[in-house]
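Please take a first look at the structure shown here. The report below goes through it place by place.

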Amino acid sequence: MRKIIAELFISLDGVVEAPDQWHFPYYNEEMGAAVGATLGTVDTILLGRKTYDSFAGAWPEREAGGGEDAPFAKLLGDARKIVASNQPLEFTWRNSELLSGDLVEAVTALKNEPGDGPIAMSGSVSIVRQLLAAGLLDELHLMVHPIAVRKGMRLFDEDETPIPLKLLSSQTFETGVLNLFYAPADQAAETGYDDVKTHLS
């Protein structure tokens, strides 16, 4: 079964909306390498419609422009891009297709398709939330920026069900960005103060 890995830029206060408005001061070679290690190495990318529209509105033009980011733009263009949307779409970016039907069922089928490499996600917060809740997301890569944006959509909305995660790895960039890799974890056992007070010095 293929893994699904989601990568997100996120602020210290949990905002993931419109990172183009706050994350560029922290973008350096380390972050570029980290993004390239995920999006630049996969053959399949799963996107929500809004993220796809943003990508399709920028990367084909950058590839055609032949600038410094053209090689990365070509990698994105060559990858299979699967777009989760409840409405029909007309695609102008090559190798793009619609993920139709129930999201959980369709992504489960996608994970069971032949292939060894992971399926990457970027942005697409509503899809990330749904896949986390359904147990279909294998890794969550968060680049935590040292800024409190204080407005905008946050990664985790309010709900009664906690989502436990385990830390797989961490890296600190020179800019202060934390590159954190998480995977889903089992629900923690019920624990109270009496269970942990022996750890106090």
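Gly66 is exposed, with a relative accessible area of 54%. The cut-off for exposed is over 50%, so Gly66 falls in that class. The model is a predicted one. Gly66 sits in the loop between α3 (59-65) and α4. From its C-alpha atom to that of Tyr182 the separation is 35 Å. Along the chain these two residues are 116 residues apart.

**Helix α1**

Helix α1 covers residues 29-39. Its buried residues are Met31, Ala34, Val35, Thr38 and Leu39. Viewed down the helix axis, they fall within an arc of 110 degrees, so they line one face of α1. Glu29 and Ala37 are exposed, on the other side of the helix.

What covers the buried residues of α1? The cover includes the strands β1 (4-11), β2 (44-48), β5 (119-122), β6 (139-145) and β8 (178-184). Helix α4 (70-78) is also part of the cover.

**The two largest pockets**

The table sets the two pockets side by side.

| Pocket | Volume | Nonpolar lining residues | Polar lining residues | Charged lining residues |
|---|---|---|---|---|
| Largest pocket | about 1400 Å³ | 20 residues | 15 residues | seven residues |
| Second largest pocket | about 270 Å³ | six residues | one residue | three residues |

How many residues line the largest pocket? The lining has 42 residues. Thr51, Phe55, Ser122, Gly123 and Ser124 are the ones that lie nearest the centre of the largest pocket. The elements giving two or more residues to this lining are β1, α1, α2 (49-56), α3, α4 and α6 (125-134). Helix α2 provides the largest share, five residues.

The second largest pocket is lined by Arg129, Leu132, Ala133, Leu155, Phe156, Asp157, Asp159, Thr161, Pro162 and Ile163.

**Two residues by the centre of the largest pocket**

Ser122 and Gly123 are among the residues nearest the centre of the largest pocket. Each has its own setting.

Ser122 lies in strand β5. Is Ser122 buried or exposed? Its relative accessibility is 14%, so Ser122 counts as buried. Leaving out residues up to four places away in sequence, Ser122 touches Glu7, Leu39, Leu46, Leu47, Thr51 and Phe55. One of these contacts, Leu39, is a buried residue of α1. The C-alpha atoms of Ser122 and Asn179 are separated by 15 Å. In the chain, Ser122 and Asn179 are 57 residues apart.

Gly123 is in the loop between β5 and α6. At 22% relative accessibility, Gly123 counts as partly exposed. The cut-off for buried is under 20%, so Gly123 is not in that class. Neighbours within four places in sequence aside, Gly123 is in contact with Glu7, Leu8, Thr51 and Val128. Glu7 and Thr51 are also touched by Ser122. Gly123 and Ser100 are 23 residues apart in sequence. Their C-alpha atoms are 19 Å apart in space.

**Aromatic pairs**

How many aromatic pairs does the whole structure hold? A search finds three. Take the pair of Tyr52 and Trp93. The ring centres of Tyr52 and Trp93 are 6.0 Å apart and the planes meet at 40 degrees, so this pair is tilted. Tyr52 is in helix α2, while Trp93 is in the loop between β3 (80-84) and β4 (96-99). The two are 41 residues apart, and the pair links distant parts of the chain.

Tyr52 is buried, with a relative accessible area of 4%. Trp93 also counts as buried, at 4% relative accessibility.

Trp59 and Phe72 form another aromatic pair, and this one is edge-to-face. The distance is 5.3 Å centre to centre, with 70 degrees between the planes. Trp59 belongs to helix α3 and Phe72 to helix α4. They are 13 residues apart, and this pair too links distant parts of the chain. Trp59 has 14% relative accessibility and counts as buried.

Which residues do ring pairs link into a cluster? The cluster is made of Tyr52, Phe91 and Trp93.

Definitions and conventions
Residues numbered from 1 in each chain as written. Predicted model: local features only at pLDDT ≥ 70, side-chain atom pairs only at ≥ 80, totals over all residues. Heavy atoms only, no water. Buried < 20%, exposed > 50% of the residue type's maximum accessible area, 1.4 Å probe, protein only. Helix = DSSP H or I, 4+ residues; strand = E, 2+ residues; numbered from the N terminus. Arc of directions from axis to C-beta. Contact = heavy atoms within 4.5 Å. 1 Å grid on protein atoms, 1.4 Å probe; cavity = no way out; pocket = protein on both sides within 12 Å on 5 of 7 lines; lining within 4 Å. Points joined across faces, edges and corners; volume = space filled by probe spheres on them. Nonpolar A, V, L, I, M, F, W, Y, C, P; charged D, E, K, R; others polar. Phe/Tyr/Trp six-rings, centres within 6.5 Å; stacked < 30°, edge-to-face > 60°.
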